[in-house]
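Hi,

Here is the structure I promised to pass on. Have a look, and my notes follow underneath.

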Amino acid sequence: MRSEHPFTMPATTAASATTTPTAPETPGTTTRAHAGDDAERLSATAGFVREQDTSVLLSRVLPGLDGPELRALTDQCRFAHAAVLVFPPDEHALRTDLAASGLSTDAQAQPSVVVRERLASRHRLDPAELDVRILRPVVRGPAGERRAVEVFALTVPPGSGLSLIAAEERALEHEAHLAFDVVRPDPLVLRGLLASFARHGAAADGGGYNPHEDGTVFYFTAPADTKTAYRRVELYAGGDHRDVLTEHLGRPPAAAGHPRPPADQQPAETLLWLLTGAWTTQALAACARLRLPEAMDRHTGTDGSALARAVGADPQSLATLLRYLAMLGVVSEGPDGFRLTGAGALLDAEAPGSMRPLALMYGGPFYQSFAHLTHTVRSGQPGFEHLYGENHFDHFARDPELATQFDRSMASSAVMFDPLPAHPVLTAAAAAPGRPRTVVDVAGGTGELLGRILTAHPTLRGVLLERPQVLAAARAHLAATGVGERCGYRAGDFADVPADGDVYILSRVLHDWDDDRCRSILRHCADAMPRHADLLIVERLLPADAAPSLATAWDLHMMCNTGGRERTADHYARLLEDHGLELAGHTPLALGAHALHARRP
């Protein structure tokens, strides 16, 4: 079991200082007691932990969470423990209460710095006056999985002035919370989880990194309409994710192309920081080109001189680059040298979901074309065409090495596809009786998405439509994935969309084009689709308001490099209506993307 997080204090405590919630628990489960003796409260908490199903509990913690997004979250995190604060007069009484509750009395108790500080702050006491311990007796979930009751124990001797504090804490349950462990704590997965929690009303409420156990915790206040009695939720991720934690805590992240300045800076200094965005892009590209991530480790530091020898760089110049990368949160510096953060590890060419190809594209051809953004704004002509004399698809087709790099950069963002195979349209097609159903991936690149769908659903067949020069790589990828025998290949353009499919997919295609070309693409799809067929579109959606969004940045990128654009959901709905299709709904994915479902009325 992990140790307590002695490093973390919630950002606020006011959100927890509410009246005791009375929302009903899942039928058939044990409701957390709000008062009564400690043995009863321990027993109620243990019963709750034993009975909960992760998926059902997540849907109750975050009302409105359902469908593919719920399935994706259930795949990415597991219910781990529920916490309760008890008030024994001494150690013997605590062990007696544990035994009476059916919990192990062998769990080791250690000082709880976090809860002691929180209690002292709430009740204006000296922390030294409080003896607070933490222990985690193990319980088993419905399928025998290992879980725990996280027990905080404040010693309240008989006749102590702490009795009134104990009564108040029992009533308000400030320290009660639910905890979920992140299964694969990749930074992109973490950001997606945090975004899902926030989207469904959970508010960031602190967190921290524990170097002793190499783990990061993210705290939330539950949504106002949560369907459990717990008001606080914890996400725990193994590893050092302080870069993601910084964003969670509301401090300025270094992930928007530059290190964002503090909000209280003077306008001139703020603007100066913003103007360094180009340096950040090139620093990340240089990191990737030098293959620094491959020469570094996430857990053990490497001396700067050793890194310079490993990558063939000038030691003094590399030291300057490393300091800048540390400011961005890509590497961190310690007594033993430099090591990778979670974000930096994604620039390793061999890392799962490596974003190295994206760094090379954004620091290469697309960086050069952005120098012509002013021309694009004045003329409407993409800066890429102005620079290279042809559109980027034709340009890449003339340069096989660049085309391969572009295809790999598209695959770098494939984490957005993780929830898509569980979309109801695909699960229904896979479960349909009779003949195998066919998924047609239009302009599907090297088959990254189609491979995931066919892997998840062995009953489905696939057809990939792509340019001839891409199909060889697609065949190799899908064969390596083990689904090549269930996939057909069609060389052609949008006018060659195969007929008689059951599910059609346009993934990151429409944003490459202006509205007229989008209408043409959708017309070809609608003409090919049988009446029963569904269309899934994967794109980033512009927010309806001025909220910050990756889609807003990509809208500028598409305008400058392809002549395309990002769009709102309503805009896509209008384009679909022009060809007899209706937008039935859209589901959020990772990296700001959405899956839009269209069909005939």
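**The sheet, starting from one pair**

Let me start with a single contact: His586 has Leu596 of E18 as its bridge partner. Keep in mind throughout that this is a predicted model. The two strands behind that contact, E17 and E18, are antiparallel and share six bridges. They form a hairpin with four residues between the strands, and Leu591 takes a positive phi near 60° there.

On its other pairing, E18 (residues 593–599) meets E16 (residues 534–540), again antiparallel, through seven bridges. If you want a place to click, Leu535 is bridged to Ala598 of E18. How much of E18 is buried? Six of its seven residues are, so the strand is largely enclosed by the rest of the structure.

Zooming out, these strands belong to an open sheet of seven with mixed pairing, in the order E14-E13-E12-E15-E16-E18-E17. The edges are E14 (487–491) and E17 (582–588), each pairing on one side only. Ignoring direction, neighbouring strands are turned by 20° against each other on average.

**Around E15**

E15 (residues 503–507) is worth a look. Five of its five residues are buried, so this strand too is largely enclosed by the rest of the structure. Both faces are covered, with Val503, Ile505 and Ser507 buried on one side and Tyr504 and Leu506 buried on the other.

Its pairings are parallel: E15 and E16 share five bridges, and E12 and E15 are joined by four. Ser507 sits opposite Val538 in E16, while Val442 sits opposite Leu506 in E15. Val442 also stands opposite Leu465 in E13, where E12 (residues 438–442) and E13 (residues 461–466) run parallel with five bridges between them.

**Two backbone angles to check**

Ala443 comes in the loop between E12 and H21. It has a positive phi of about 55° although it is not a glycine. Its relative accessibility is 25%, so it counts as partly exposed, given that buried would need under 20%.

Glu173 also has a positive phi without being a glycine, near 50°. You will find it in the loop between H6 (163–172) and E6 (177–182). Is Glu173 buried or exposed? Its relative accessible area is 7%, and because buried means under 20%, Glu173 is buried.

**The second largest pocket**

This one may interest you. The second largest pocket has a volume of about 1100 Å³. Its lining has 45 residues, and Arg408, Ala411, Ser412, Ala414 and Glu448 lie nearest the centre. By class, the lining splits into 22 nonpolar, nine polar and 14 charged residues.

Which helix gives the largest share of that lining? H19 does, with 10 residues. The helices that supply at least two residues each include H19 (400–412), H21 (448–456), H22 (468–481) and H7 (187–199). H3 (67–76), H14 (356–362) and H18 (392–397) also supply at least two each.

H7 has some details of its own. It has 13 residues and reaches 18 Å from its first C-alpha to its last, close to the 18 Å expected at 1.5 Å a residue. Its buried residues are Pro187, Leu188, Val189, Leu190, Leu193, Leu194, Ser196 and Phe197. Just after the helix, Gly201 takes a positive phi of about 100°.

**Cavities**

How many cavities of 30 Å³ or more does a search of the whole structure find? There are two. The second largest cavity has a volume of about 40 Å³. It is lined by Met416, Arg508, His511, Glu539, Arg540, Glu566 and Ala593. That makes two nonpolar, one polar and four charged residues. The lining also leads back to the sheet: Glu539 and Arg540 line this cavity and fall within E16 (residues 534–540), while Ala593 is another lining residue and belongs to E18 (residues 593–599).

Cheers

Terms used
Residues are numbered from 1 along each chain as its sequence is written. This is a predicted model: local features need pLDDT of at least 70, side-chain atom pairs count only at pLDDT 80 or more; totals for chains, interfaces and linings use all residues. Side-chain values use heavy atoms; hydrogens and water are left out. On a 1 Å grid over the protein atoms alone, a cavity is a set of points where a 1.4 Å probe fits but cannot get out, and a pocket is an open set with protein on both sides within 12 Å along at least five of seven lines; lining residues have an atom within 4 Å of a point. Grid points are joined across faces, edges and corners, and a volume is the space filled by probe spheres set on the points. Ala, Val, Leu, Ile, Met, Phe, Trp, Tyr, Cys and Pro count as nonpolar, Asp, Glu, Lys and Arg as charged, and the others, Gly among them, as polar. Two strands pair if DSSP finds at least two bridges between them. Axes are lines fitted to C-alpha atoms, for helices over the stretch in contact, and angles run from 0 to 180 degrees between N-to-C directions. The expected span of a helix is 1.5 Å times one less than its number of residues. Buried means under 20% relative accessible area, exposed over 50%, partly exposed in between (1.4 Å probe, protein chains only).
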